[in-house]
Amino acid sequence: MHRVGVLALDGVLPFELAITSRIFGAARGAAGERLYSVTTCSLDGGPVRTDADYELTVSHDASVLSAVDTVVVAPTHRLGPVKEDGRLPDALQEALAAVPFGTRIVAICTSTYVLAAAGLLDGRPATTHWREAERLQRMFPRVRVDPDVLFVDDGDVLTSAGAAAGIDLCLHLVRRDHGSEVANDVARACVVPPWREGGQAQYIRRPVPAPTTSGTAPTRAWVLERLAEPVSLADMAAHARVSVRTFTRHFRDEVGTSPGQWLIQQRVERARQLLETTDWPIDRIADSAGFGTGTSLRQHLQAALGVSPQTYRRTFHTAPVGSPAAADRGKPAPRMDPAA
């Protein structure tokens, strides 16, 4: 069982703190066994004030972080000297220093400041909430801050944007550790989208559509049932019963990307799932995902993930626990953030 330790600091944001236990706690193996254990701690083992109108009681101090496989630092707006002058308080510095080298470390939202102040992000790509990105970059110029993406996977150190982007990052880790099938089951159990690529924009710059605006969700569901077919933009607009121009505008307002880019993302996800769960030839997977040819699949997978279909399959193909392929899942994943 993969051990996850979550550090709750003073002023922790309750929603983001709960993400880790909710997502990892829902992950199950083929026999229904838990795949992760989650332990929440504070620096001293005492109660933690939240950003809401209540405190949280925890049963562990930060010493538990020295005996876990993944450390998650939950976000807070009360970072004090960390955000004011880039300095870690002594207790926090000691807690992070005790984490063994090679332990996977995750920062959600503003906790990216903590990893930056600890020197863990020097020379590495990272993200945080878009409102904090400029300040983070100014305070820590050695960090390669990307203000636009949902999350950045840099192997043993991962960072995310705010709020729901923490869900995307945790689902990404489940997918990285155990494959798409397990991650999709977790997403269904938590009633959240199963996959948003790390390089997707943090926020949509256009206003939220008015309630009277015709939604594109039914058309997106219709397309997902026909990924293997040659669906065009005109086909989507016809299904939505609007013009191509209107459909494209509504689609961007709701999804934050163009219909064509979204369709490619869904086909890449379908190809990933088939690479992980079947032994089909590459050409058959390409046809089922709507890419037509193996060459087209290779080009799109390389552009999205930076790896070939064969490399992706070797890393993530479903295998019995204890087999070499299963052991590979614990290794750093191929670069998943196209913006990095």
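**Exercise 1. The end of helix 7**

Task: Which residue follows helix 7, and what is the sign of its phi?

Solution. Go to the end of helix 7. V191 comes next, with a positive phi near 55 degrees. Keep in mind that this is a predicted model.

Now step back into the helix, which spans residues 180-190. Its buried residues are S180, V182, A183, N184, V186, A187 and C190. Then look at what lies over them. The cover includes helix 1 (14-25), helix 6 (165-178) and helix 11 (259-277).

**Exercise 2. Two cysteines**

Task: How many disulfides does the structure hold? Are C41 and C190 buried or exposed?

Solution. Start with the count: zero disulfides. Next, take accessibility. Buried means under 20% relative accessible area. C41 has a value of 0%, so C41 is buried. C190 has a value of 15%, so C190 is buried as well. C190 also belongs to the buried set of helix 7.

**Exercise 3. The setting of T50**

Task: Where is T50 found, and which backbone atoms does its side chain reach?

Solution. First, place the residue. T50 sits in the loop that links strand 3 (48-49) to strand 4 (55-56).

Second, check exposure. The relative accessible area of T50 is 2%, so T50 is buried.

Third, list the polar partners of the side chain. The backbone nitrogen of A52 is 3.0 Å away. The backbone oxygen of Y54 lies 2.7 Å from a polar side-chain atom of T50.

Fourth, set aside neighbours within four places in sequence. T50 then contacts G11, V12, P14, E55, L56 and R78.

Methods: Residues numbered from 1 in each chain as written. Predicted model: local features only at pLDDT ≥ 70, side-chain atom pairs only at ≥ 80, totals over all residues. Heavy atoms only, no water. Disulfide = S-S within 2.5 Å. Buried < 20%, exposed > 50% of the residue type's maximum accessible area, 1.4 Å probe, protein only. Helix = DSSP H or I, 4+ residues; strand = E, 2+ residues; numbered from the N terminus. Polar contact = N/O pair within 3.5 Å; in protein donor to acceptor, adjacent residues only side chain to side chain. Contact = heavy atoms within 4.5 Å.
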